[in-house]
Every structure is written in structure tokens, then in C-alpha cells.
Amino acid sequence: MRTVFLNLCLSGIALASCDAQTPPQSASPSFEVVKTPQEWKKALGAERYRILIEKGTEAPWSGEYNLHFENGIYHCGACQYPLFESSSKFDSHCGWPSFDAPIDEHRIVETVDRSHGMTRTEIQCARCGGHLGHVFNDGPTATGLRYCVNSLSLGFEPQSDSASAKPRTSSQPVHR
Ligand SMILES: [Zn+2]
């Protein structure tokens, strides 16, 4: 006769997954495109310099892209980094071009702006730091966001109807 002893071996499970590695939050992100104020002023002209570099705001309803609804890509007015697709643009009736999402979230840097007695979220181009405007949580579309952008912070590259007719969730690779 043989007695079978089942040894239930409860091996210790090491729960060592608590890596306390939170990356340090960089207060001042470094940008790929860096120019001196003089270089920016020369490259942008006085009007764009005031908005993009000195974080100004153009007068509402004054910008060329406020009521502009052609198909294409809106890029940074300072470094031409593509930021928004026309499919994300909507008429917010606020006097500035408004988008519900950037092309991808990594193209925009968000920082807290406490100027003018308000607490707002400033948006900047992630490549050059150019001031774009602000993002608000009152958007009317599914994202709930309203990226309120100065026209002077943008440039526009039209696309043919066939190219822009593709859904923006297309998984096709982007050829540069
Ligand atoms: Zn830029």
C-alpha cells in the first residue's frame, strides 16, 4: 500500500511589481527646433512673433482660418509641424479656429497658464514651443475638447478631396 501525499506546495508569489519609477516632470520641455528671439522675429514677422513667441492672442474673428473649412492639414506657423487635420475642425462660434483633437497628442504640449487672472491650459507646438492658444473642456464633439488656436499660429496645406476623404482613423502608415 502506498500512501500518496500530495504536497501542496504554496510557493511564495513575490509581488515585486511596485516599481516606484515615476519619470520626473519636466517643467520646461526642451524643443527640437530652437531659435533666438531675433531669429524668430526675422523668420516670422512682427505679427506672428507676437502670437507664437510672446504668447499673444489675435483679435477674435480676425484670423484667416476662423471660418476656413477646406480639406487639408493645419501646421505650426513657426516650424510647419503638422498639428491638426481639417476633419477635426469645427465652428465653435468663439472667433478663433477650433479643433476637437490634434493629429496625435504628442504634437501638442499642454501647460498651466495663470495669466490674466484665469487658470487655463496653454497649448504649444511640441516641436518648437510656439504658442498656439488654449484647450478647454467644453467641446461639443465626442472628445469633449476645444483646441482654440490663433490663425496666426497656423499655416494650412490643402489636400485633394480624394486624399482627405479617408477616415482619420486610417491605420495606413504615413509616408513622409
Ligand atoms: Zn512649431
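Let's start with an open sheet of six strands, whose order is β3-β4-β8-β7-β6-β5 and whose pairing is antiparallel. At its edges stand β3 (89-90) and β5 (108-113), and each has a single partner strand, so one side of each is left without a neighbour in the sheet. Two terms need their cut-offs here. Strands count as paired if DSSP finds at least two bridges between them. The elements themselves are DSSP runs numbered from the N terminus, with helices being H or I over at least four residues and strands being E over at least two. As general background, strands of a sheet pair through backbone hydrogen bonds, either parallel or antiparallel.

Before going further, please keep in mind that this is a predicted model, in which local features need pLDDT of at least 70, side-chain atom pairs count only at pLDDT 80 or more, and totals for chains, interfaces and linings use all residues. Residues are numbered from 1 along each chain as its sequence is written. The pLDDT value is the predictor's confidence in each residue, on a scale from 0 to 100. For the protein chain it averages 84, and 74% of the residues score at least 70. Two stretches call for caution. Over residues 1-26 pLDDT stays under 50, and the model has zero contacts beyond four places in sequence for them. Residues 163-172 also stay under 50, with six contacts beyond four places in sequence. A contact here means that the C-beta atoms of two residues, placed from the backbone, lie within 7 Å.

Now for the overall layout. The protein chain has two helices and nine strands, and from the N terminus on its elements run α-β-β-β-β-β-β-β-β-β-α. Among its contacts with a separation of 6 or more, 56% are between residues 24 or more positions apart.

Back in the six-stranded sheet, we can walk in from the edges. On one side, β3 is joined to strand β4 (residues 98-99) by two bridges, and these strands run antiparallel; Phe90 stands opposite Ser98 in β4. On the other side, six bridges join β5 to strand β6 (residues 120-125), again antiparallel, with Val109 opposite Gln124 in β6. β5 and β6 form a hairpin with six residues between them, and His116 in the turn has a positive phi of about 60°. The next step is from β6 to β7, which pair in the antiparallel sense over four bridges. Ile123 has Gly133 in β7 as its bridge partner. This pair is a hairpin too, with five residues between β6 and β7, and Gly129 in the turn has a positive phi of about 80°.

The second sheet is also open: three strands lie in the order β2-β1-β9, with antiparallel pairing. Its edge strands are β2 (82-85) and β9 (154-158), each of which pairs on one side only. Neighbouring strands of this sheet are turned by 30° against each other on average, direction ignored; the angles, from 0 to 180 degrees, are taken between N-to-C directions of axes that are lines fitted to C-alpha atoms. Strand β1 (residues 72-76) is joined to β9 by five bridges and to β2 by three. His75 of β1 shows both connections, with Gly155 as its bridge partner in β9 and Pro82 as its partner in β2. Next to His75, Tyr74 has Phe156 in β9 as its bridge partner. β1 and β2 form a hairpin with five residues between them, where Gln80 in the turn has a positive phi of about 70°.

Finally, look at helix α1 (residues 37-52). A straight helix of 16 residues would span 22 Å at 1.5 Å a residue, yet α1 spans only 11 Å between its end C-alpha atoms; the expected span is 1.5 Å times one less than the number of residues. The helix bends by about 120° at Gly45, where the bend is the angle between axes fitted to the seven residues ending there and the seven starting there. Trp40, Arg48, Ile51 and Leu52 of α1 are buried, and the buried residues of the helix pack against β7 (131-136). Buried means that 20 or more other C-beta atoms lie within 10 Å of a residue's own, exposed means 12 or fewer, and partly exposed is in between, with C-beta atoms placed from the backbone.

Lys35 sits in the segment before α1 and, because it has 17 C-beta neighbours inside 10 Å, counts as partly exposed. Leaving aside residues up to four places away in sequence, Lys35 touches Trp40 and Ala43.
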